[in-house]
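Thanks for coming, everyone. I would like to walk through one model this morning, beginning with a pair of strands and moving outward from there.

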Amino acid sequence: MTNPEFDQYPPEDHEGEPTTEVDCGADAVVASLEQAGVEILFGVQGGAIMPVYDALYDSPMRHITMGHEQGAAHAADAYGIVSGEPGVCVATSGPGATNLITGLADANMDSDPLVALTGQVPTGMVGNDAFQETDTIGVTGPVTKTNYFADDSDTVGDVVGEAVELSRRGRPGPTVVDLPKDVTLGETDQRPSEPRLPDTYHPPDRADQETVEAAAEALKRAEKPVILSGGGVIKGEATAELRSFAIEKGIPVITTMPGTGSFPEDHDLALEMAGMHGTGYANMGITHCDYLLGIGTRFDDRLTGAIETFAPEAELAHIDIDPAEISKNIKADYPLLGDAGTVIGQLDGAIAGPLDIDPWREQCRTWKEEYPMDYEWDPDGPLKPQYVVETFDELTDDDTIVTTGVGQHQMWAVQYWTYTEPRTWVSSHGLGTMGYGLPAAIGAKLAAPKQDVVCFDGDGSFLMTGEELAVAVRENLDIVVAILNNAAVGMVRQWQDAFFEGRHSASQYPWIPAFDKLAEAFGAEGFAVEQYDEVAETIEAALAVDGPAVIDFHIDPDENVYPMVPSGGDNGRFALSEAQLEDL
Amino acid sequence: MSQGLQGPGPLERPHPSGRRTAEGQRIDPQEEAEPARRRTILSALVKHEPGVLAKVAGLFSRRQFNIESLSVGPTAYKRHARITLVIEETEPGIEQARKQLTKLIPVISVTELDSDAVDRELALIKVDGEHPDAIAAVAEMYDGQAVDVSETTVTVEITGPEDRIDAAVKTFERFGIREVVRTGTAALAAGPSETAPGHSASIETTTPPSVTGDD
């Protein structure tokens, strides 16, 4: 390594002792995080947050210095998805805080547990347009579960505890604590009390029993029921309940993209993902069902397509922990407000034995044969991205974690990898944040050091947050970044071909870096692959690297993502090909 | 180049004939109708702390709820404030607004008020002062009074339900209105019922100071 100090990094874990002595607000902040069980923070130093970093110096918590605050937020977000415990990110005031916004908005859309601590100018200067001042409370409000302006050194520890607790309870989500410098520097000996929820927050647990029984009766009457399993099943730790309920009753299961991994995709009852780029059989199932049990899903437009044609003949039962999601987009005939696992248990108790729906299961099986997720490839032709994803899946364990950026590569990664375990699919769903994949891989690896982590990225996505590769090298994290490189913002180009007469405005990259050499410059291992016969051996070699590796897969630039339901379209009228798209 | 997967085309597949409304309700295809809007009052009891009003206003703006007026003020208990909102929305829209408002962390409770709720708005109307006697007579008709008089203007105070204020403003137009300011509706539930619940010990760990009346 070129840096002589590099050999000493990462430093030996300094024997930090839990922060028992509190002398100032920053000590209380750190003590509160420790008390809440936080082990790792992701952040970037800066003027107004320096008191907190000073207090962290003696703490046993590990801090990962990221390249950019956006990377810190995504890494913490992915840490939260994989571990189930809030990821914590730290930034200074002004640009530090505003750089977090994309990560906060991402976590807010996907209900990920995330806590951001931001420095702020001293309270006496707030409102004066001081150096590096931003109205962090104002700008983060719309993209957080809630936020806190800490104005008192004596209570700042309690505020941080509440922010952590709120982010992980009920429907998880991001919280922000804005920490003015005089508050973190201010003297106090107040140790934080145990983290507690705000007294106005009471997430529901059991659903109304009468509604449960009515929903169960309707399910027993149904001839064509499906379960739509959303991200809330995973976040609510209800995967086991979902699986035993669906399998015992014999109900086909469709997943939303965030629900990927909640039900094993290799199971006979799995129809996999529905929606814009969902499987043909999932979209047939959801369009023709007469009963839809949605669990922990917010019926996003990428799932539903046009509301008018979404499950148009289905009675809808909706389990959700957030009352504001029930009947927000699709009217629930049976609103089941409560914790996913608990309410599945209630339903289970109201229905004895398997449902008598053999013809429906047979129909779903037929659709699987009729609309297979298949692709054509020629060993001498250009490399198909689907082949890369499938080969990667074959060469890795079932508990391998996949992270992605956003675009075509993300869709191939969700379509052609067989997910069987929860918390192995880590992606940016609601916000659609290009650049999410690499920092997410860092957060995921730190949350699950014993599992393999693969980041499927696009060339466009990788270039948005590629600086975080320096962090992966510095921390010697075993991650493999597989860039599905088509020298374009492929999803945009696909839409231009479909809806803008093939006018490729700002979607093609006339020049992109050699990613293998770029990786080497960062200190990672770099590989480039153009031929089919290099795919498996290169994947093996990259997985064997001690530390991060990047594989630049030069894929067929003409490959597009199918099936496809055009935006606002009818799920039942998905297009399987470019030719079918033209028929619509 | 041929791209994609194999299988029956979009129009070759069986397809159900049912539909939903744009608001997600299953419908009889013959009965597709524009949902009607309704004007109503939401009352929210909130924590009296900085930023609450911004959170409420931001919520209504970003979710495109149609808000007619908003008024905020302290209650008899100093740690709580009450926000009264007049909105005009479809039935599902009203329910969604209520749920989203309830979800804000500093919000303690939200109630949609019944039509018998007591609602009042205050307006100050500054008109040309050429006919002070006539102005006073009209003000009296609306149970109002002149509260400021100059050589050229008279300012009148009127209190009443929103439609009564609308009527008063219209009437005063004949004198030449220079400026109008209106507070927006403030409202309380009729009779002994609580407007928006939340003074119980489960919400506040410290006992509220003893107060008389509703708040």
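Let me start in chain B, where strand S7 (residues 118-128) and strand S9 pair in the antiparallel sense over 8 bridges, strands being DSSP runs of E of at least two residues, numbered from the N terminus, and pairing requiring that DSSP finds at least two bridges between them. Within that pairing, B:Leu122 has B:Thr159 of S9(B) as its bridge partner.

Before going on, I should say that this is a predicted model, in which local features need pLDDT of at least 70 and side-chain atom pairs count only at pLDDT 80 or more, while totals for chains, interfaces and linings use all residues. Residues are numbered from 1 along each chain as its sequence is written, chains are lettered from A and ligands numbered from 1 in the order in which they are written, and side-chain values use heavy atoms, with hydrogens and water left out.

S9(B) also runs antiparallel to strand S8 (residues 145-149) of chain B, to which 4 bridges join it, and B:Asp148 is there bridged to B:Thr155. With 3 residues between them, S8(B) and S9(B) form a hairpin.

How much of S9(B), residues 153-160, is buried? The strand is mostly covered, with 6 of its 8 residues buried, meaning under 20% relative accessible area with a 1.4 Å probe, protein chains only (exposed is over 50%, partly exposed in between). For chain B as a whole, 41% of the 215 residues count as buried, and the chain has 4 helices, which are H or I runs of at least four residues, alongside 11 strands.
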